[in-house]
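Reader: Please take a close look at one part of this model, the nonpolar patch on its surface. Which residues form the patch, and which elements give residues to it?

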Amino acid sequence: MTFSFSAVLIWLDLAGVFFFAVSGSLLAARKQFDIIGSLLLASVVSLGGGVIRDIIINAGPPTAFINPAYLAPPLLATVLVYFLFSSVQRNTSLLVLFDAGGLALFCITGSLKAIDAGMNPVAAVLLGVTTAVGGGLLRDITANEVPQLFDPKDIYALPAFTGAALTVVLSVTGAFNAVTAGAVAVVVFAFRVTAWRRKWYVPLAVRGWHRLGLDTAEGGPRD
């Protein structure tokens, strides 16, 4: 491996923390949480994936607990949403956009840190996906929402898989750099947002099943 988890990646990680934190604070505002609840939800979504990652690779205390810089993005996101939410609350796509940004960055940094820890490429991809989707899963469960990861009317994990796989391939071939990292992030972001806007989805778990609200009339599946 020629690319180490350098300061550049730490900045990418912090950017991902901020994007996810904003998505958490936006959801907290829509659920009418108080500002403390907003800060806690922002922290859960933005730091949860990284904590899971660091525990899995046995990296010692999670980075979020030993580097104070990781506490700044959730606090900043909470303050920004507190002052700006009233002017953006009608924009239903804003949460998805920030969530997609966090997803795009975390699948990259999670995969790279896994490789840097000596994990094989397949495991690195899986850990990159786990890092990317873990925070969002915790956010939705905490806010009593249907997790986007398991929403049959949405695609959430596939963009993360795509980004993690591309990152691992570029890393093991020595082609990973700032330019290719940016390209991967753009691909993941565009994939996630386009899938959401165009309502792309993957087949259900059982052939012949129908999606409530899409393939059937509201109120239940067809017989």
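Author: In this predicted model, the nonpolar surface patch is formed by Ile-35, Ile-36, Leu-40, Leu-75, Leu-76, Val-79, Leu-80, Tyr-82, Phe-83 and Leu-84. Together these residues have about 1,000 Å² of accessible area. Two elements each give two or more residues to the patch: helix 2, residues 35–56, and helix 4, residues 72–88. Of the elements, helix 4 gives the most, with 7 residues.

On the helix 2 side, one of the patch residues is Ile-35. Ile-35 has a relative accessible area of 42% and is therefore partly exposed, since that class lies between the buried limit of 20% and the exposed limit of 50%.

Helix 5, residues 94–116, is mostly covered, with 21 of its 23 residues buried. From first C-alpha to last, helix 5 reaches 33 Å, close to the 33 Å expected at 1.5 Å a residue. Gly-118 follows helix 5 and has a positive phi, near 95°.

As for the setting, the protein has 8 helices and 0 strands. Buried residues account for 46% of its 223 residues. The accessible surface of the protein is about 11,400 Å², and carbon and sulfur atoms hold 66% of that surface. Of the contacts between residues at least 6 apart in sequence, 74% join residues at least 24 apart.

Methods
Residues are numbered from 1 along each chain as its sequence is written. This is a predicted model: local features need pLDDT of at least 70, side-chain atom pairs count only at pLDDT 80 or more; totals for chains, interfaces and linings use all residues. Side-chain values use heavy atoms; hydrogens and water are left out. Helices (H or I, at least four residues) and strands (E, at least two) are DSSP runs, numbered from the N terminus. The expected span of a helix is 1.5 Å times one less than its number of residues. Buried means under 20% relative accessible area, exposed over 50%, partly exposed in between (1.4 Å probe, protein chains only). Patches are made of residues with over 30% relative accessible area and no salt bridge: like charges are joined within 9 Å, nonpolar side chains (Val, Leu, Ile, Met, Phe, Trp, Tyr) within 5 Å. Accessible areas come from the Shrake-Rupley method with a 1.4 Å probe; for residues, only the protein chains shown count as cover. A salt bridge is a side-chain nitrogen of Lys or Arg within 4 Å of a carboxyl oxygen of Asp or Glu. Contact means heavy atoms within 4.5 Å.
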